[in-house]
Amino acid sequence: TFPNTYRAGFSTGTSCGEAVNFAPADWLRYSAASGARYRLYHRPCFVSQEILLLRAAKDAITTSTTAAGASSSLNLHYHLARELRRLVKEEAILRAKLWQAGLRKSRKLPSFDEESDVIAMAECSICHMHPYLSYLECTKCGTTTIGNNSKSTACLHHASNNMCECSMADKCLVFPHTLKELQDLATEIEGRLSPEDRSKIQATE
């Protein structure tokens with residue numbers, strides 16, 4: 001299935017199907033755009049782009065690369081680093097806007113396992129996406145904890161969209177990763193690319 005294309009299937013009776021989807025590293029940018037569209041139409045996404053990106057980055061750091069796979073590994077590191085930088089920048093801007101709007105509280109969660117804790121994550125009450133990097137909860141009209149979603153929870157994209165009638169001072173920013181932790185991850189991925197490697201990949205885009 002190519003990016004931005006439509007696919008469909010149907011069954012004439014009882015059936016059981018299984019599919020495994022593969023994608024090259026440069027599809028990460030399409031994943032981000034797809035997530036934005038799901039958010040726009042208030043539809044939950046089957047796979048969190050944030051979780052996919054962080055899991056791939058951690059796997060890239062811990063997995064050793066053979067000489068035969070060196071070229072594809074460099075390509076992966078390049079696209080991972082670019083998307084991580086974009087994600088960190090976006091997250092920093094969204095968090096800063098909340099502090100400027102009067103937010104005063106925050107709490108850090110233990111870091112999730114990017115695979116086993118997907119179902120337990122909070123859900124934005126407006127767009128129904130799972131805000132893995134951070135979300136806003138109201139400590140006045142109902143505190144939301146992991147696995148116990150309430151109406152007073154929102155991703156940072158919808159934090160000011162009337163998630164409840166309480167003031168921003170009653171809200172709390174909840175996150176499993178600090179901005180520095182995310183920046184350090186991006187820096188470590190970038191450190192695996194030389195200027196020559198980066199130039200070669202950019203020339204093929």
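Here are four short exercises, with worked solutions, on a predicted model.

**Exercise 1: the overall layout**

Work out how many helices and strands the chain has, and in what order the elements run.

*Solution.* Start with the tally: the secondary structure comes to 5 helices and 4 strands. Now walk from the N terminus, and you get α-α-α-β-β-β-β-α-α. Next, look at the contacts with a separation of 6 or more: 78% of them are between residues 24 or more positions apart. Finish with the surface. Buried residues account for 37% of the 205 residues, and the chain exposes about 12400 Å², with carbon and sulfur atoms supplying 54% of that area.

**Exercise 2: strand β4 and its partners**

Find which strands are joined to β4, and say for each whether the pair runs parallel or antiparallel.

*Solution.* Take β1 (residues 105-108): 4 bridges join it to β4, and the two run parallel. In this pairing, Arg107 sits opposite Val174. Now take β2 (residues 135-138), which is also joined to β4 by 4 bridges, but antiparallel. Here Tyr135 has Val174 as its bridge partner.

Then check how covered β4 is. All of it, as it turns out: 5 of the 5 residues in 171-175 are buried. In a regular strand, side chains alternate between the two faces of the sheet. For β4, that puts Lys171, Leu173 and Phe175 on one side and Cys172 and Val174 on the other, and all are buried.

**Exercise 3: a buried lysine**

Lys171 is buried; determine what its nearest side chain of opposite charge is, and how far away.

*Solution.* First, place the residue: Lys171 belongs to strand β4. Second, look for the opposite charge. The nearest such side chain is Asp170, 6.3 Å away. A salt bridge needs the side-chain nitrogen within 4 Å of a carboxyl oxygen, and Lys171 has no salt bridge. Third, look for polar company of another kind: the backbone oxygen of Ser167 is 3.3 Å from a polar atom of the Lys171 side chain. Last, list the neighbours beyond four places in sequence; among them are Leu103, Lys105, Leu136, Glu137 and Met163.

**Exercise 4: two histidines with positive phi**

Locate His42 and His128, and decide whether each is buried, partly exposed or exposed.

*Solution.* Begin with His42, in the loop between α1 (28-40) and α2 (49-62). Its phi is near 60°, a positive value in a residue other than glycine. With a relative accessible area of 38%, His42 is partly exposed. Move on to His128, in the loop between β1 and β2. His128 has a positive phi too, about 65°, although it is not a glycine. Its relative accessible area is 30%, so His128 is partly exposed.

Definitions and conventions
Residues numbered from 1 in each chain as written. Predicted model: local features only at pLDDT ≥ 70, side-chain atom pairs only at ≥ 80, totals over all residues. Heavy atoms only, no water. Buried < 20%, exposed > 50% of the residue type's maximum accessible area, 1.4 Å probe, protein only. Pairing = 2+ DSSP bridges. Lys, Arg positive; Asp, Glu negative; His and termini not counted. Polar contact = N/O pair within 3.5 Å; in protein donor to acceptor, adjacent residues only side chain to side chain. Contact = heavy atoms within 4.5 Å. Areas by Shrake-Rupley, 256 points an atom, 1.4 Å probe, with all protein chains shown as cover.
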